[in-house]
Amino acid sequence: MTAEENARRSVDNLLDVLDLAVSEARTTEDIFTGLSHPMPTGRVYGGQVLAQSLIAAERTLPENRVVHSMHGYFLRPGDAAKGITFAVDRIHDGRSFSTRRSQAYQGGVPIFSMIASFQDEDPGVEHAQPMPDGIPAPEDVPSDDELIGSVHPLTGRMLAERPADVRHVSGPLFLDVDGERVPQQAVWMRMRAPMPDDPRLHRAALAYLSDMTIQESILRAHGVTWSTPGLKVASLDHAMWWHRFGRVDEWMLYVQESPNARGGRGLGQGRIYRRDGALIASVAQEVMVRVPDDAASA
């Protein structure tokens with residue numbers, strides 16, 4: 001299989017995962033079902049359930065009512081070998097705003113719970129923090145894919161199968177930490193192949209990507225790599241705000257920083273820009289981070 005064919009397949013697999021089925025079961029909530037990506041770890045990727053929960057909520061709304069914020073909690077690790085049921089509660093529908101609660105279940109218990117708000121497009125005041133200067137173009141930054149043959153086989157499989165091309169400006173954290181140990185980094189990313197024009201798919205896929213690498217500004221500050229023996233990282237919650245539309249099959253810059261880490265938790269914050277400099281989304285996530293004492297002090 002050529003690289004282009006593999007890229008197309010990985011994106012098509014993502015589209016299949018986001019194509020939720022409507023269940024015939026009915027409660028006071030709307031019920032949908034979906035599948036998971038196969039994952040080397042066996043656990044559901046958090047960005048996947050974020051995106052699916054958003055798709056489920058949007059299925060209960062007219063197309064002109066667009067998501068602008070979501071706040072979610074990861075409650076239990078999901079099993080990537082099993083299907084997921086999504087229950088959407090139509091909490092509120094107003095003249096301009098709607099609110100939905102979307103919960104993801106496996107085995108009858110929730111693994112993720114989200115509340116999202118949606119709004120009709122409305123004119124108003126506008127400003128945005130500009131994209132940082134001095135960032136090299138994505139064409140000048142090596143792709144993480146170049147590490148596939150040198151990392152652990154499970155990591156190599158994850159890199160080969162994920163639908164996104166990700167490029168760390170300061171170098172990825174799979175094997176070592178290049179440069180200064182600072183709580184910040186910048187990452188270029190885009191889907192490996194063209195996506196359909198549906199704006200809802202692009203917003204959901206942006207949520208999918210937003211969980212990718214957001215934890216790393218915490219690790220980078222302490223010189224910790226993903227291959228550190230005994231390292232345990234788990235997303236606790238996730239918040240996201242959509243500001244402007246952006247296509248996820250075009251290059252976007254994900255600027256990330258960590259303002260705090262304490263008590264086995266670290267906070268990651270991020271801003272996602274289109275290549276033309278427009279700020280399209282903001283992200284915040286708190287992460288459980290447990291680093292062996294000898295690794296943290298190295």
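# Exercises on a predicted fold

E9 and E12 pair in the antiparallel sense, and 10 bridges hold that pairing together on paper. Keep in mind as you work that this is a predicted model.

**Exercise 1. Work out which strands sit on either side of E9, and find a residue pair for each side.**

Step 1: Read off the strand order. The open sheet has 12 strands, running E1-E2-E4-E5-E6-E3-E9-E12-E11-E10-E8-E7, with antiparallel pairing. That puts E9 between E3 and E12.

Step 2: Take the E12 side. Val233 has Val289 of E12 as its bridge partner.

Step 3: Now the E3 side. E3 and E9 are antiparallel too, over 5 bridges, and His71 is matched with Ala239 of E9.

**Exercise 2. Find which strands stand at the edges of the sheet, and say why one side of each lacks a neighbour.**

Step 1: Go to the ends of the order, which starts with E1 and finishes with E7.

Step 2: Count partners. Strand E1 (21-22) and strand E7 (164-168) each have a single partner strand, so one side of each has no neighbour in the sheet.

**Exercise 3. Follow the pairings of E6 and locate the turn that joins E5 to E6.**

Step 1: Start with E5 (residues 97-106), which pairs with E6 in the antiparallel sense over 10 bridges. Thr99 lines up with Ser117 of E6 as bridge partner.

Step 2: Look at the link. E5 and E6 make a hairpin with 2 residues between them, and Gly107 in the turn has a positive phi of about 60 degrees.

Step 3: Check the E3 side of E6. Here 9 antiparallel bridges join E3 and E6, and Tyr73 has Ser113 as its partner.

**Exercise 4. Describe the largest pocket: how much space does it hold, and what lines it?**

Step 1: Get the volume, about 1,800 Å³. The lining has 50 residues, and Met39, Thr41, Arg43, Tyr45 and Trp226 are the closest to the centre.

Step 2: Sort the lining by character: 27 nonpolar, 14 polar and 9 charged.

Step 3: Ask who contributes. Helix H1 (3-18), helix H2 (46-58), strand E6 (109-120), helix H3 (153-161) and strand E9 (232-242) each supply at least two residues. H1 gives the most, with 6.

**Exercise 5. Do the same for the second largest pocket.**

Step 1: The volume comes out at about 710 Å³. Its lining has 23 residues, with Gln119, Glu121, Trp242, His243 and Arg244 nearest the centre.

Step 2: Strand E3 (65-74), E6, helix H4 (199-210) and E9 each give two or more residues to this lining.

Step 3: By character, the lining splits into 10 nonpolar, 7 polar and 6 charged.

**Exercise 6. Place Ile272 in the nonpolar core.**

Step 1: The largest nonpolar core has 54 residues, and Ile272 is among those that touch the most other members, together with Phe112, Met191, Leu206 and Leu209.

Step 2: Set aside neighbours within four places in sequence. The contacts of Ile272 then include Met189, Leu206, Met252, Leu253 and Val283.

**Exercise 7. Is Ser170 buried or exposed, or something in between?**

Step 1: Find the residue. Ser170 sits in the loop between E7 and strand E8 (184-191).

Step 2: Apply the cut-offs. Buried means under 20% and exposed over 50%, so Ser170, at 35% relative accessibility, counts as partly exposed.

Step 3: List its contacts beyond four places in sequence: Asp178, Ala186 and Arg220.

Notes. Residues are numbered from 1 along each chain as its sequence is written. This is a predicted model: local features need pLDDT of at least 70, side-chain atom pairs count only at pLDDT 80 or more; totals for chains, interfaces and linings use all residues. Side-chain values use heavy atoms; hydrogens and water are left out. On a 1 Å grid over the protein atoms alone, a cavity is a set of points where a 1.4 Å probe fits but cannot get out, and a pocket is an open set with protein on both sides within 12 Å along at least five of seven lines; lining residues have an atom within 4 Å of a point. Grid points are joined across faces, edges and corners, and a volume is the space filled by probe spheres set on the points. Helices (H or I, at least four residues) and strands (E, at least two) are DSSP runs, numbered from the N terminus. Ala, Val, Leu, Ile, Met, Phe, Trp, Tyr, Cys and Pro count as nonpolar, Asp, Glu, Lys and Arg as charged, and the others, Gly among them, as polar. A nonpolar core is a set of buried Ala, Val, Leu, Ile, Met, Phe, Trp, Tyr and Cys residues joined through side-chain atoms within 4.5 Å. Buried means under 20% relative accessible area, exposed over 50%, partly exposed in between (1.4 Å probe, protein chains only). Contact means heavy atoms within 4.5 Å. Two strands pair if DSSP finds at least two bridges between them.
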